[in-house]
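Colleague: Could you take me through one part of this model in detail? I'd like a close look at the aromatic rings and how they pair up.

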Amino acid sequence: MKEDRLKVGCEAFLINLPKFEDPRGNLSFVEQLKHIPFKIERTYWIYDVPGGETRGGHAFKEQKEFIIALSGSFDVVVDDGSTKQLFSLNRSYYGLYIPQGIWRQMENFSTNSLALVLSSTHYNANDYIYDYNNFIAHKSNEE
């Protein structure tokens with residue numbers, strides 16, 4: 001995998017994507033196992049988030065994610081159980097890699113923002129941890 005990334009704080013980090021500038025419009029792309037460290041099994045997007053609302057507020061036991069702000073901006077707060085870090089996503093040529101076992105919450109969505117999420121697993125309701133105290137207990141059991 002290309003090592004074009006910026007690691008800050010928690011185990012989550014930003015990854016710069018290829019960017020081809022052109023007067024007719026720019027182009028960026030992402031490839032599994034090349035730009036992001038997992039095979040893409042699911043893709044979804046979040047849009048039309050009302051002002052003041054948050055998304056996420058959970059962790060995954062197995063799923064890894066890569067989040068890109070395709071349009072607009074939003075913040076992602078990640079928490080590994082001991083350290084919290086805020087990432088502001090506002091460009092479509094980089095994204096946030098979040099490994100499994102990290103609590104995440106998305107907030108401060110701008111008008112007409114569009115978040116693209118690439119996931120390492122198919123949807124599995126049993127993979128979600130929705131209660132923060134259960135998340136901390138899960139982290140303790142991992143160590």
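Modeller: Here is a walk through the aromatic pairs, ring by ring. Bear in mind that this is a predicted model. Searching the whole structure turns up eleven aromatic pairs. Take Phe-74 and Phe-109, which are stacked, with 5.2 Å centre to centre and 25° between the planes. That counts as stacked because the planes are under 30 degrees apart. Phe-74 sits in strand β8 (residues 74–79), while Phe-109 is in the loop between β11 (103–107) and β12 (114–119), so this pair ties together parts that are 35 residues apart in sequence. Both rings are tucked away: Phe-74 is buried at 1% relative accessible area, and Phe-109 is buried too, at 12%.

Now for Tyr-132 and Phe-135. Their ring centres are 5.6 Å apart and the planes are at 45°, so this pair is tilted. An angle of 45° falls between the cut-offs, under 30 degrees for stacked and over 60 for edge-to-face. Here the two partners both belong to helix α1 (residues 132–142), three residues apart, which is about one turn of the helix. Their surroundings aren't alike, though: Tyr-132 is partly exposed, at 32% relative accessibility, whereas Phe-135 is buried, with a relative accessible area of 0%.

Beyond those pairs, there's a group to look for: Phe-60, Tyr-123, Tyr-128 and Tyr-130 form one aromatic cluster. And one more ring has a charged neighbour: Lys-19 lies over the face of Tyr-93, 4.1 Å from the ring centre.

Terms used: Residues are numbered from 1 along each chain as its sequence is written. This is a predicted model: local features need pLDDT of at least 70, side-chain atom pairs count only at pLDDT 80 or more; totals for chains, interfaces and linings use all residues. Side-chain values use heavy atoms; hydrogens and water are left out. Rings of Phe, Tyr and Trp (its six-membered ring) pair if their centres lie within 6.5 Å; planes under 30 degrees apart count as stacked, over 60 as edge-to-face and the rest as tilted. Helices (H or I, at least four residues) and strands (E, at least two) are DSSP runs, numbered from the N terminus. Buried means under 20% relative accessible area, exposed over 50%, partly exposed in between (1.4 Å probe, protein chains only). A charge sits over a ring if NZ of Lys or CZ of Arg is within 6 Å of the ring centre and within 35 degrees of the ring normal.
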